[in-house]
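I am opening this notebook to record what I look up in the model, entry by entry. I begin with a single residue and work outward from there.

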Amino acid sequence: MPGLSLPFEERYWPFFKYREACKRSRQDPEAFWGEEAGKLEWFKKWDRVLEWEPPYARWFKGGELNASYLCVDQHLTGWRRSKVAIYWEGEPGDTRLLSYSLLYREVNRVASVLKKLGVEKGDRVALYLPMVPELPIFMLACARIGAIHTVIFSGFSAQSLADRMNDTGAKVLVTADGGFRRGKAIPLKEIADKAVDLARTVEKVVVMKRTQQPVSMKPGRDFWLDDLLKTAETLVVPEHVEATHPLFILYTSGTTGKPKGIMHSTGGYMVFNHSVYQWAFDIKEDSVYWCTADVGWVTGHSSIVYAPLAYGAALVMYEGAPDYPEVDRWWEIVEKYGVTIFYTSPTAIRMFMKFGEQWLKKHDLTTLKVLGSVGEPINPEAWLWYYHNVGNQRCPIIDTWWQTETGSLMIAPAAGLDMPPLKPGSATFPLPGIDADVVDEQGQPARPEERGYLVIKKPWPGMLMGIYGDPQRYQTAYWDRFKGMFFTGDYAVKDREGYFWILGRSDEVIKVAGHRLGTAEIEDAVISHHAVAESAVVGKPDPIKGEVVIIFAILKADRVPTTALKGELAEHIRTAIGPLATPEQVYFVSKLPKTRSGKIMRRVLKAIAMGVAVGDLSTLEDAASVDEVKKAYEELKKEV
Ligand code: WTA
């Protein structure tokens, strides 16, 4: 079949725009990305598009720009000045609207506040805030003065917050008295206080008022944002930062207990986001764009803040729970603001499926044009439900595969170029300029329909710059597995037509409701409990959340397994990591199945948790221990 030697998009697609873009990106990647970069406003043009010294890619070196300028200032000269930038809705129903000119004013004032607190270019600022407009405002204010923001999801515990602040060496922490979630006020300042006690570098804490709940303020360290704003200046000239200056550090889970501080550049990240949001979502200045993620995750960074604002679109931001006070809250918001692009997770879609279509029928959703999905594989059933019931068969489902490390969308249907025929459950093809492939154990291209590892074979502008403070881990986590290729950690297959199907993680990372957690991270938390001697954590498939956390724990010799202790352990994990890591089930066992080299065999544990047969044990890497594992398996089955 001679056709099979052609690149996939030339074999199957009569579509011109996508094909042309792919062709150009392949023939001359630097010219291609240089042209994309030229669509942004630079203070100084780059000297070189790409400097690639594996594993480090430096994009647009020599160029100077500012992300806050791109997201805000550039919209002030024309009609966008007075158009909506942010539609914000609080959980109790309060609302705020910010035009681009108002956003500009707020970003400048907050930048002035940060400067007066002594924040300088390159300093790290930790943001631990609820979903309020101040979160993007502080991010943009940091970018304006060249400070590096690190957003910590407000569902994380004091310990998790402290760990991240210590790792980045954050100088200032920005938080709130609290935030609303399902009708309750979450005591963010109280959690932040505990974290700051453990944080070595934090000198000042800025507190915004959201819930008005009483909080303690430490004189000389803690400041109310409202007070600081009283003397703030209204103009802070945006710093001309180098393209390779870090825009932010965002922590994500890997295969060890310590989260990785993923570092993104200003130039590459902004260029990449600007391009891919147009390609995949066809975003425009008149789009009303709602990404339901929390800004605390990478999806929120790119899809709530930097990409939509760079386009001058209007973004919708909602503070609270999706089903509060009623399960049609989201559809009410879509109708109210006339959302045109809606972007959410498969977990949310499956939850709404469970609630039933009647909740959607109450609302006019005809403004919707494009629907997106992200964070975990979407099962065809959920895809079809989304397509029929939310989009009324009018809107394409843009299933977007990407990661914290990739900075933005990598594999997704290109609705803004020309749409490929969609297949429910497939993210379709890599976007232009992305050289993704599926390879076998040896790094050779996998055959069609053969499961392999998803890799990226060429650098792309949104690629992470590294792991903050840990170059060795950057090398081993991403570049040592396959020579010359970026290892994503995901399993995938390509079908006979070249469509990509992402099958989930191949490593010890789990995805609970789309939230990325490391099993090692949770194990560390479990064994920090005084009753526990040893522990193993696995993710168990769940019909709604994708995966849930299951804990196996061996107690210390003198400890008695009780139901109360199970509850205590669950609470202990909530306190150590945050509510998102709360286990679905805790099993007390006397032994854990291990290989000779001492590696816990999660496959066996997973099978036990799922109540299915463990499968062929003879393929274990350490065949000598098969009998032992079998014995442990039989014993465990009885215990669980
Ligand atoms: C998973 C989220 C299947 C994947 C943007 C990846 C997906 C991890 C998809 C990154 C998708 C994300 N289909 N799986 N469309 N999108 N994933 O860093 O396992 O929070 O490696 O970034 O989520 O999670 P992260």
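**Entry 1: Ser253**

I located Ser253 in the loop between β14 (246–252) and β15 (260–265), in what is a predicted model. I then asked whether Ser253 is buried or exposed. Its relative accessible area is 3%, so I entered Ser253 as buried, the limit for that class being under 20%. Leaving out residues up to four places away in sequence, I listed Lys260, Val509, Arg516, Leu517, Gly518 and Glu521 as the residues that Ser253 touches. With Glu521 I also noted a polar contact of 2.6 Å between the two side chains.

**Entry 2: the ligand**

Arg516, which Ser253 touches, came up again when I turned to the ligand, where 17 residues form the surroundings and the closest are Thr400, Thr404, Asp490, Arg505 and Arg516. I sorted the shell by class and wrote down 6 nonpolar, 5 polar and 6 charged residues.

Which side chains place an N or O atom at 2.9 Å and at 2.5 Å from an oxygen atom of the ligand? The 2.9 Å distance belongs to the side chain of Gln403, and the 2.5 Å distance to the side chain of Thr404. For Glu376 I recorded a backbone N or O atom at 3.4 Å from a nitrogen atom of the ligand. The ligand on its own has 530 Å² of accessible area, and I noted that the protein covers 97% of this. Two or more residues of the shell come from each of α11 (298–310), β20 (397–400) and β25 (500–505).

**Entry 3: Lys362**

Next I looked up Lys362, which I found in the loop between α14 (358–361) and β19 (370–374). Its relative accessible area of 53% makes Lys362 exposed. Apart from residues up to four places away in sequence, Lys362 touches Asp328 and Glu335, and its side chain makes a polar contact of 3.4 Å with the side chain of Asp328. How far is Lys362 from Arg516 in space? I have them 33 Å apart, C-alpha to C-alpha, with their positions 154 residues apart in sequence.

**Entry 4: aromatic rings**

My count of aromatic pairs came to 41. One of these is formed by Phe552 and Tyr587, which I entered as tilted, with 5.3 Å from centre to centre and 40° between the planes. Because Phe552 lies in strand β29 (residues 546–555) and Tyr587 in strand β30 (residues 585–588), this pair ties together parts that are 35 residues apart in sequence. Both Phe552 and Tyr587 are buried. I also wrote down one aromatic cluster, made up of Phe32, Trp33, Trp42, Trp46, Trp59, Phe60, Phe272 and Trp279.

**Entry 5: backbone**

Most residues other than glycine have a negative phi, and most peptide bonds are trans, so I noted the exceptions I looked up. Pro54 and Pro55 are joined by a cis peptide bond with omega at about 5°, and Pro55 lies in the loop between β1 (48–53) and β2 (56–61). Another cis peptide bond joins Tyr324 and Pro325, with omega at about -5°; Pro325 sits in the loop between β17 (314–318) and α12 (329–337).

For phi, I noted a positive value near 50° at Arg182, in the loop between β9 (179–181) and β10 (184–186), and Arg182 is partly exposed, with a relative accessible area of 44%. Phi of Ala513 is likewise positive and near 50°. I placed Ala513 in the loop between β26 (509–512) and β27 (515–518), and its relative accessible area of 22% makes it partly exposed.

Technical notes. Residues numbered from 1 in each chain as written. Predicted model: local features only at pLDDT ≥ 70, side-chain atom pairs only at ≥ 80, totals over all residues. Heavy atoms only, no water. Near = heavy atom within 4 Å. Polar contact = N/O pair within 3.5 Å; in protein donor to acceptor, adjacent residues only side chain to side chain. Areas by Shrake-Rupley, 256 points an atom, 1.4 Å probe, with all protein chains shown as cover. Helix = DSSP H or I, 4+ residues; strand = E, 2+ residues; numbered from the N terminus. Nonpolar A, V, L, I, M, F, W, Y, C, P; charged D, E, K, R; others polar. Buried < 20%, exposed > 50% of the residue type's maximum accessible area, 1.4 Å probe, protein only. Contact = heavy atoms within 4.5 Å. Phe/Tyr/Trp six-rings, centres within 6.5 Å; stacked < 30°, edge-to-face > 60°.
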